[in-house]
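Open the model in your viewer and keep the selection panel at hand. The tour below goes from site to site.

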Amino acid sequence: MKRYRVRFTPEAEDDLLRLYDFLLEVDPEVAERALEEIKGAIEVLHFSPFSCRKAVENNPFLRELIIPFGAAGYVALFEIASTNTVNILAVRHQREEDYH
């Protein structure tokens, strides 16, 4: 089975820190669980990134991964950059307006 390499851009890493810090102020246990859920969901990108929904109609390589968590969850924007690499470009909470 083909395995893709998954990389976070610096902007996506900043998004994770921002989301984690927000939850950390509310409840440290929830912050840890959210981070674990995001990490677990990202695993699908190692094997099947094309199974995620397209982010825009005219680009089959720009996609979104929906990550359920609680009443809402998160969305990871990623690009299938090559035959073996996926770059996570941004991560946001589903209730946020758009990616930062």
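How much space lies in the largest pocket? About 190 Å³. Bear in mind that this is a predicted model.

**Stop 1: the largest pocket**

Select Arg18, Leu19, Phe22, Leu23, Phe69, Ala71, Ala72, Gly73, Tyr74, His93 and Arg95, which together line the largest pocket. Now colour helix H1 (10-26) and strand S4 (72-80). H1 and S4 are the elements that give two or more residues to this lining. The largest share, four residues, comes from H1. Colour the lining by residue class next: seven residues are nonpolar, two are polar and two are charged.

**Stop 2: the largest cavity**

Keep H1 in view and add helix H2 (28-42); each of these helices supplies at least two residues of the lining of the largest cavity. Select the lining itself: Leu16, Leu19, Tyr20, Leu23, Ala31, Ala34, Leu35, Ile38 and Tyr74. What classes of residue make up this lining? Nine are nonpolar, with no polar and no charged residues. The space in the largest cavity comes to about 50 Å³. The structure holds one cavity of 30 Å³ or more, which leaves a single stop of this kind.

Leu19 can stay selected from the pocket, where it is part of the lining; it also appears in the lining of the cavity. Leu23 and Tyr74 likewise belong to the pocket lining and to the cavity lining.

**Stop 3: Glu96**

Move to strand S5 (85-93) and go on into the segment after it, where Glu96 is found. Is Glu96 buried or exposed? Glu96 counts as buried because its relative accessibility is 18%, and the cut-off for buried is under 20%.

Show the neighbours of Glu96. Leaving aside residues up to four places away in sequence, Glu96 touches Arg18 and Leu19. Both of these residues were selected at the first stop, as part of the lining of the largest pocket.

Which polar partner does the side chain of Glu96 have in Arg18's side chain, and at what distance? The two side chains are joined by a polar contact of 3.1 Å. Then display the backbone of His93: its nitrogen lies 2.7 Å from a polar atom of the Glu96 side chain. His93 is another residue of the pocket lining.

Finally, draw a C-alpha to C-alpha distance from Glu96 to Val75. The viewer should give 9.7 Å in space, for two residues that are 21 apart in sequence.

Technical notes. Residues numbered from 1 in each chain as written. Predicted model: local features only at pLDDT ≥ 70, side-chain atom pairs only at ≥ 80, totals over all residues. Heavy atoms only, no water. Buried < 20%, exposed > 50% of the residue type's maximum accessible area, 1.4 Å probe, protein only. Contact = heavy atoms within 4.5 Å. Polar contact = N/O pair within 3.5 Å; in protein donor to acceptor, adjacent residues only side chain to side chain. 1 Å grid on protein atoms, 1.4 Å probe; cavity = no way out; pocket = protein on both sides within 12 Å on 5 of 7 lines; lining within 4 Å. Points joined across faces, edges and corners; volume = space filled by probe spheres on them. Nonpolar A, V, L, I, M, F, W, Y, C, P; charged D, E, K, R; others polar.
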